[in-house]
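Here are some notes to read with the sequence and the structure open beside you. Please take the points in order and find each residue in the picture before you move on.

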Amino acid sequence: MNIYIGNLNYRVREEDLKQVMEEYGVVDSVKIIIDRETGKSKGFAFVEMPNDAEGKRAIEELNEAEYEGRQMVVKEARPKM
């Protein structure tokens with residue numbers, strides 16, 4: 001399952017986010033999206049979790065949860081068009 005996580009604090013690192021997501025199950029990858037020009041986080045990321053049930057639980061429990069001072073948006077990522 002590919003999960004979108006938005007409204008992240010710009011200081012959050014991929015390792016930090018991986019630790020949070022691993023509380024819900026196995027995490028294949030974490031990718032924070034970086035602005036090419038500034039090299040800084042754009043405030044959102046994608047997380048791959050192989051088990052759909054674990055991914056759905058993470059979405060249910062983390063959507064609108066506060067992390068590093070910001071309320072996260074967590075939902076299933078839409079496929080690229």
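Which residue is the bridge partner of I3 in β3? In this predicted model, the bridge partner of I3 is V47, and the points below start from that pair and move outwards.

1. The pair of strands. The bridge between I3 and V47 belongs to a pairing of strand β1, residues 2-6, with strand β3, residues 41-48, which run in the antiparallel sense and are joined over 4 bridges. On the way through β3 it is worth remembering that, in a regular strand, the side chains alternate between the two faces of the sheet.

2. The whole sheet. These strands are part of an open sheet of 4 strands, whose order is β2-β3-β1-β6 and whose pairing is antiparallel. The edges are formed by β2 (29-34) and β6 (73-76), each of which pairs on one side only. If direction is ignored, neighbouring strands of this sheet are turned by 20 degrees against each other on average.

3. The helices on the sheet. Helix α1, residues 14-22, packs on the sheet and touches β1, β2 and β3, while its direction makes about 140 degrees with that of β2. Helix α2, residues 52-62, also packs on the sheet, where it touches β1 and β6, and its direction makes about 150 degrees with that of β6.

4. The core. The largest nonpolar core has 21 residues, and those with the most contacts inside it are I3, I5, L17, M21, V47, M49 and L62. At least two residues of this core come from each of β1, α1, β2, β3 and α2. V47 can be followed further: if residues up to four places away in sequence are not counted, V47 touches M1, N2, I3, I5, L17, M21, V27, S29 and V30.

5. The other side of β3. Strands β2 and β3 pair in the antiparallel sense over 5 bridges, and here V30 stands opposite V47 in β3. In the hairpin of β2 and β3, which has 6 residues between the strands, G39 takes a positive phi near 75 degrees.

6. A serine in β3. Is S41 buried or exposed? S41, whose place is in strand β3, counts as buried because its relative accessibility is 13%, and the cut-off for buried is under 20%. A polar atom of the side chain of S41 lies 2.9 Å from the backbone nitrogen of G43. Leaving aside neighbours within four places in sequence, S41 is in contact with Y10, I32, I33 and I34.

7. A proline after β3. P50 is found in the loop between β3 and α2, and P50 counts as partly exposed because its relative accessibility is 49%. Although P50 and M1 are 49 residues apart along the chain, their C-alpha atoms are separated by 5.8 Å. Beyond the neighbours within four places in sequence, P50 is in contact with M1, V26 and D28.

8. Two positive phi values outside glycine. N7, in the loop between β1 and α1, has a phi near 60 degrees, which is a positive value in a residue other than glycine; at 32% relative accessibility, N7 counts as partly exposed. E68, which lies in the loop between β4 (66-67) and β5 (70-71), has a positive phi of about 55 degrees although E68 is not a glycine. With a relative accessible area of 45%, E68 is partly exposed.

9. A glutamine in β5. Which backbone oxygen does the side chain of Q71 reach? Q71 is found in strand β5, and its side chain reaches the backbone oxygen of E64 at 3.0 Å. Apart from neighbours within four places in sequence, Q71 is in contact with N7, E64, A65 and E66, so one of these contacts leads back to N7 of the previous point. Q71 is partly exposed, with a relative accessible area of 45%. The C-alpha atoms of Q71 and E37, which are 34 residues apart along the chain, are separated by 26 Å.

10. The database record. An unreviewed UniProt entry places the feature "domain: RRM" at residues 1-79. In the model, the end C-alpha atoms of residues 1-79 lie 11 Å apart, and this span is 25% helix and 34% strand.

Key
Residues numbered from 1 in each chain as written. Predicted model: local features only at pLDDT ≥ 70, side-chain atom pairs only at ≥ 80, totals over all residues. Heavy atoms only, no water. Pairing = 2+ DSSP bridges. Axes fitted to C-alpha atoms, helices over the stretch in contact; angles between N-to-C directions. Contact = heavy atoms within 4.5 Å. Core = buried A, V, L, I, M, F, W, Y, C linked by side-chain atoms within 4.5 Å. Buried < 20%, exposed > 50% of the residue type's maximum accessible area, 1.4 Å probe, protein only. UniProt positions renumbered as here; feature names shortened; annotations may be inferred. Polar contact = N/O pair within 3.5 Å; in protein donor to acceptor, adjacent residues only side chain to side chain.
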